[in-house]
Amino acid sequence: MTRIEADPAVPIIRIAREFRATPEQLFRAHTDADLFRQWVGPETMRTRIDVWDARTGGSFRYVSIAGDGAEYGFRGCFHEVRADRIVQTFTYEGEPDRVALETLMFDDLGNGRSGLRTQSLVDSFEARDAWLKSGMETGVEDGYSKLERMLSDGTV
């Protein structure tokens with residue numbers, strides 16, 4: 001399953017998970033707006049993509065929509081997009097001063113398996129701990145479970 005760890009020395013959250021997929025499939029799932037929309041976030045929410053330019057120098061904005069219609073916006077910039085790694089900023093619009101620098105790495109583990117490793121660096125331990133208490137674990141775990149199903153059924 002998904003491993004989520006808070007670094008004790010630096011305000012970083014590290015996330016790791018293995019998938020039955022190639023690194024290319026994981027990369028595509030993170031850069032193709034329609035695929036990303038289908039898997040990101042909690043099972044109880046749907047996602048609308050407003051801006052998606054997944055290239056070095058591009059940007060994104062998407063909105064998670066709850067069952068009651070409440071909307072939660074997220075945005076950022078793609079600083080580096082390449083087959084083995086994505087570096088981006090990430091901001092929850094409800095807390096615009098808390099910008100994370102994220103790195104996603106796609107590792108070929110052999111035998112049709114790949115690892116996804118991410119790290120999110122924020123500006124303080126307080127911000128990091130607030131993210132961890134926000135329910136992000138549910139969104140991450142649900143999202144990766146949806147992605148696993150999409151990989152299994154050939155959607156990605």
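Helices (H or I, at least four residues) and strands (E, at least two) are DSSP runs, numbered from the N terminus. This is a predicted model, in which local features need pLDDT of at least 70 and side-chain atom pairs count only at pLDDT 80 or more, while totals for chains, interfaces and linings use all residues. Residues are numbered from 1 along each chain as its sequence is written, and side-chain values use heavy atoms, with hydrogens and water left out.

**The whole chain**

Begin with the whole chain in a cartoon view, where four helices and eight strands can be found, following the pattern β-β-α-α-β-β-β-β-β-β-α-α along the sequence. The radius of gyration (taken over C-alpha atoms) is 15 Å, close to the 15 Å that the globule rule (2.2 Å times the number of residues to the power 0.38) gives for 156 residues, so the chain is as compact as a globular protein of that length. The C-alpha trace spans about 40 × 40 × 30 Å along its principal axes. Of the 156 residues, 44% are buried, where buried means under 20% relative accessible area, exposed over 50% and partly exposed in between, with a 1.4 Å probe and protein chains only.

**The aromatic rings**

Next, show the aromatic side chains, among which the structure holds 15 aromatic pairs; rings of Phe, Tyr and Trp (its six-membered ring) pair if their centres lie within 6.5 Å, and planes under 30 degrees apart count as stacked, over 60 as edge-to-face and the rest as tilted. Select Phe60 and Phe78, whose ring centres are 5.3 Å apart with planes at 55 degrees, so this pair is tilted. Phe60 belongs to strand S4 (residues 59–65) and Phe78 to strand S5 (residues 71–82), so the pair ties together parts that are 18 residues apart in sequence. Both Phe60 and Phe78 are buried.

Then move to Phe90 and Trp131, an edge-to-face aromatic pair with 5.9 Å from centre to centre and 75 degrees between the planes. Here Phe90 in strand S6 (residues 85–92) is linked with Trp131 in helix H3 (residues 125–133), 41 residues away in the chain. Phe90 counts as buried at 13% relative accessibility, and Trp131 counts as buried at 14%. To see how these rings fit into a wider group, select the cluster linked by ring pairs, which includes Phe60, Phe78, Phe90 and Trp131 and also takes in Phe19, Phe36 and Trp39.

**Two strand residues**

Return to strand S4 and select Ser59, which is partly exposed with a relative accessible area of 28%. Leaving aside neighbours within four places in sequence, Ser59 is in contact (heavy atoms within 4.5 Å) with Val51, Trp52, Asp53, Gly76, Cys77 and Phe78. A distance drawn from the C-alpha atom of Ser59 to that of Thr89, 30 residues apart along the chain, should read 9.1 Å.

Now select Arg46 in strand S3 (residues 46–52), which counts as exposed at 55% relative accessibility. With neighbours within four places in sequence again left aside, Arg46 is in contact with Val63, Ser64 and Ile65. The C-alpha atoms of Arg46 and Trp131, 85 residues apart along the chain, are separated by 20 Å.

**A last stop**

Finally, select Val10, which is found in the loop between strand S1 (3–6) and strand S2 (12–19) and counts as partly exposed at 32% relative accessibility.
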